[in-house]
Amino acid sequence: EELKEKYPTARIARLDRDTSTGDRLWSILSRMKKKEIDILVGTQTVGKGHDYPDLTLVGIVDADTAMNLPDFRAAERTFQLITQVAGRSGRGEKRGQVFVQTYFPDHPGLLAARDHDGKLFIDAELAVRQLAHYPPYCRLIRIILSGQDGKKVESSSQSLAKRISSIHKILGPAPCPLHKIRGKSRWHLLIKSQEFLKLHSRLQPILDDFSQNGLPSGVRMLVNVDPIEMM
């Protein structure tokens, strides 16, 4: 609506999960290819490998949203996304421009993406990971408990955390960042370890016993080793 008000003569289309189902996705991409769209607005979907030689301007709105997610890979994903989306602009003979909206213009991930400098990002990110003791400097195990009854889920996670803390230090339990999905409450706890095999041998019996004797009906437990996301 804002773009239509500002650019009343522009042909504007929208590309996101709601509009890219079935044949609608191919219709939008075909119209882009035929230059029947002047401005394409969308989510990360717009940056997924599309090649339009005459596309010369890309704007990334509020890049900080992805960067500030409670996930140790947030900066990594932001760097990847900006690099990928920025690569859509200026792929032909015409020079391209990329604008990134942020409150943190000095963030190493944004500076590295601006300069297409992967090594700069890796060096800065590894220093943070090492300080916070996250991969690749340790292995992670994330345990998620979920169910319709939020109180049951919470008490179960606390009970499990108490058992595990007798053999190893843990983080949590705490509500997952996405606390409810499809009406189910979700709690998680995180275990970091540099001696994974030793931890595994001690942790497995606790998880087996809890699954059989400690997990109340209606509560599900998911054990994720080396999780790729923390949401």
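Start your tour of this predicted model at the largest pocket: select Leu-40, Val-41, Leu-57, Val-58 and Gly-59, which lie nearest its centre among the 40 residues that line it. Next, colour the elements that each give two or more residues to this lining: helices H1 (2-6), H2 (23-33), H3 (64-67) and H4 (74-86), along with strands S2 (39-42) and S3 (57-60). The space you are looking into has a volume of about 1,500 Å³. If you colour the lining by class, you will find 23 nonpolar, eight polar and nine charged residues.

Ready for another pocket? The second largest one holds about 320 Å³ of space. Select Val-98, Val-100, Leu-110, Ala-113 and Arg-114, the closest to its centre of the 14 lining residues. Two or more lining residues come from each of H4, strand S4 (97-100) and helix H5 (108-114). Which element gives the largest share of this lining? Click on H5, which supplies four residues. By class, this lining splits into eight nonpolar, four polar and two charged residues.

For the last stop, select helix H8, residues 196-214. Where does H8 bend? Look at Leu-203, where the helix turns by about 30°, and then find the proline that follows within four residues, Pro-205. Now show the side chains of Phe-196, Leu-199, Leu-203, Ile-206, Leu-207 and Phe-210, which are buried. To see what covers these buried residues, switch on the surroundings, including strands S5 (139-147), S7 (184-193) and S8 (219-225) and helix H7 (150-164).

Terms used: Residues numbered from 1 in each chain as written. Predicted model: local features only at pLDDT ≥ 70, side-chain atom pairs only at ≥ 80, totals over all residues. Heavy atoms only, no water. Bend = angle between axes of the 7 residues up to and from the residue. Buried < 20%, exposed > 50% of the residue type's maximum accessible area, 1.4 Å probe, protein only. Contact = heavy atoms within 4.5 Å. 1 Å grid on protein atoms, 1.4 Å probe; cavity = no way out; pocket = protein on both sides within 12 Å on 5 of 7 lines; lining within 4 Å. Points joined across faces, edges and corners; volume = space filled by probe spheres on them. Nonpolar A, V, L, I, M, F, W, Y, C, P; charged D, E, K, R; others polar.
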